[in-house]
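Here are my notes for when you open the file. I've kept them as numbered points, so just dip in where you like.

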Amino acid sequence: MYEFDIERPASIVAAAKALNAEGAQALGGGQTLIPSLKQRLDQPATLVCLGGIAEMQGINASGNDLSIGGGTTHADVAAGAGAYPALAALAGNIGDPAVRNRGTIGGSLANNDPSADYPAAVLGSEAIVRTNLREIAADNFFDGMFATTLREGEIITRVDFVVPEKAAYAKFDQPASRFALVGVFVAQYGDHVRVAVTGASEGGVFRWAEAEAALAADFSPAALEGLSLSGDGMISDLHGSGDYRAHLVGVMAKRAVAAA
Amino acid sequence: MSQVSMTVNGKVATGEVEGRTLLVEFLRENLGLTGTHVGCDTSQCGACVVHVNGRDVKSCTMFAVEADGAEVITIEGMAAEDGTLGTIQQAFQDYHGLQCGFCTPGMVMTAASLLAANPKPSEAEIRAYLEGNICRCTGYHNIVRAIMAASGQDVSGIAAE
């Protein structure tokens with residue numbers, strides 16, 4: 001790693017101020033950032049550690065609303081988001097136990113790894129990403145592989161979910177990395193359905209509109225029969241070709257609907 | 001450089017560290033606690049697992065500064081007061097849960113976390129919880145048996161494969 005300083009602000013305001021400095025970068029749980037720094041893929045002057053900010057921790061549940069602090073770890077979401085079982089289950093299957101004790105929802109979303117689990121839940125649940133500056137609807141948040149519409153130095157303070165009537169996440173594990181080879185999150189809200197896919201597209205997480213329409217009319221695995229995606233623009237690597245991933249999206253979508 | 005202070009195995013430990021100093025480097029190089037191993041240094045293998053404020057973490061993927069003020073337990077803190085092996089450590093010896101032993105510190109620390117939350121885990125639960133701990137000798141079978149035994153459960157039903 002190159003040299004850098006670390007600051008540990010105790011409030012969102014202090015963190016935002018620290019992030020205004022030249023070369024400053026936010027540090028969430030560090031489960032992606034620290035390995036990246038070790039590879040010298042990044043050279044921040046200062047890391048601003050968000051882990052000590054109490055107001056970004058924890059889960060508030062009220063009726064059908066669930067608000068999760070941006071600094072809340074995957075383990076805490078797995079244990080504390082019982083009001084939204086599909087989300088708790090997703091969080092409890094990210095990485096491994098030690099990673100879940102450090103990695104945070106805000107860090108995962110800001111990183112927007114094309115194979116990460118949380119982006120599928122946030123896009124699939126039409127969640128609201130709250131920052132120190134504004135609120136961003138999930139549909140306007142993800143902006144391609146490893147890219148979001150967050151501005152320089154903007155901090156994800158909370159993520160707000162509305163618990164759907166039915167939901168499930170089906171993940172085809174890539175057992176070495178423990179990321180999703182393909183993961184599909186399905187959620188039913190009244191008369192509409194969201195289907196969000198991670199791990200598949202070179203553009204990162206996306207909504208499968210055709211499946212959403214079919215499931216809105218009939219929320220059953222059979223409704224997805226005959227629907228397919230093209231392998232063009234899908235991630236193709238040693239773990240699977242684009243065509244394989246495109247096929248897997250259909251399979252995992254059916255499994256998610258069956259489990260919901 | 002920053003000054004850090006934390007409790008390690010019940011004793012106050014302080015030191016000067018750089019921002020980039022990893023917790024595992026602080027434990028091994030500043031404090032001389034070399035029981036915690038660095039296997040892959042990419043947060044895959046789990047040889048470096050320690051407990052920070054009661055939770056298992058990979059100490060190669062956390063900065064020492066982030067542990068300032070924390071309670072840290074390492075493998076050196078797992079022995080009984082009189083220096084004899086702790087229950088999990090003894091079970092690893094009794095059930096041949098280690099071959100080369102390199103992964104063992106992380107395996108024991110991860111097992112301790114599991115048993116603290118789930119005192120009687122099933123074989124499947126143990127294997128799932130060890131997902132982030134890799135044994136290059138592939139000695140998982142006896143590691144699982146050792147953890148079952150440490151939890152006071154009968155291990156005769158776990159067939160050798």
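How many Å apart are the mean positions of the positive and negative charges of chain A?

1. Charges in chain A. Those mean positions are 5 Å apart, taken over 18 positive and 29 negative charges. Do keep in mind as you read on that this is a predicted model.

2. Overall build of chain A. You'll find 9 helices and 12 strands here. The C-alpha trace spans about 55 × 45 × 30 Å along the principal axes of chain A. A compact globule of 260 residues would have a radius of gyration near 18 Å, and chain A has 18 Å, so the two agree.

3. Inside and outside of chain A. Of its 260 residues, 57% are buried. The exposed surface of chain A is about 10500 Å², with carbon and sulfur atoms supplying 49% of it. Take the contacts between residues at least 6 apart in sequence: in chain A, 58% of them join residues at least 24 apart.

4. A:Thr46. Look for this one in strand S3 of chain A, which covers residues 46–49. Is A:Thr46 buried or exposed? With a relative accessible area of 13%, A:Thr46 falls under the 20% cut-off, so A:Thr46 counts as buried. Setting aside neighbours within four places in sequence, its contacts are A:Phe4, A:Asp5, A:Glu7, A:Gly23, A:Ala24 and A:Gln25.

5. A:Arg130. This residue belongs to strand S6 of chain A, residues 128–131. Its relative accessibility is 29%, which makes A:Arg130 partly exposed. Again leaving out neighbours within four places in sequence, A:Arg130 touches A:Glu135, A:Ile155, A:Ile156, A:Thr157, A:Arg158 and A:Asp160. If you want a distance to check on screen, A:Arg130 and A:Ala75 are 21 Å apart from C-alpha to C-alpha, with their positions 55 residues apart in sequence.

6. Overall build of chain B. Chain B has 5 helices and 5 strands, and along the sequence they run β-β-α-β-β-β-α-α-α-α. The C-alpha atoms of chain B fill a box of roughly 55 × 35 × 25 Å along the principal axes. For 161 residues, a compact globule would come out near 15 Å in radius of gyration; chain B has 16 Å, which agrees.

7. Surface, contacts and charges of chain B. Buried residues account for 52% of the 161 in chain B. The accessible surface of chain B is about 7200 Å², and 50% of that belongs to carbon and sulfur atoms. Among contacts in chain B with a separation of 6 or more, 54% come from residues 24 or more positions apart. As for charge, chain B carries 9 positive and 18 negative side chains, with the centres of the two sets 5 Å apart.

8. Helix H2 of chain B. This is a nice one to look at down the axis. Which residues of H2(B), residues 87–94, are buried? They are B:Ile88, B:Gln89, B:Ala91 and B:Phe92. These residues cover an arc of only 160° around the axis, so they sit on the same side of H2(B). The spacing fits a general rule: an α-helix has 3.6 residues a turn, so residues three or four places apart point the same way.

9. Around H2(B). The buried residues of H2(B) pack against helix H3 (104–117) and helix H5 (140–150) of chain B. On the other side of H2(B), the exposed residues are B:Thr87, B:Gln93 and B:Asp94. Just after H2(B) comes B:His96, with a positive phi of about 55°.

Technical notes: Residues are numbered from 1 along each chain as its sequence is written. Chains are lettered from A and ligands numbered from 1 in the order in which they are written. This is a predicted model: local features need pLDDT of at least 70, side-chain atom pairs count only at pLDDT 80 or more; totals for chains, interfaces and linings use all residues. Side-chain values use heavy atoms; hydrogens and water are left out. Buried means under 20% relative accessible area, exposed over 50%, partly exposed in between (1.4 Å probe, protein chains only). Helices (H or I, at least four residues) and strands (E, at least two) are DSSP runs, numbered from the N terminus. The arc is that of the directions from the helix axis to the C-beta atoms. Contact means heavy atoms within 4.5 Å. The radius of gyration is taken over C-alpha atoms; the globule rule is 2.2 Å times the number of residues to the power 0.38. Accessible areas come from the Shrake-Rupley method with a 1.4 Å probe; for residues, only the protein chains shown count as cover. Lys and Arg count as positive and Asp and Glu as negative; His and the chain ends are not counted. The place of a charge is taken as NZ of Lys, CZ of Arg, CG of Asp or CD of Glu.
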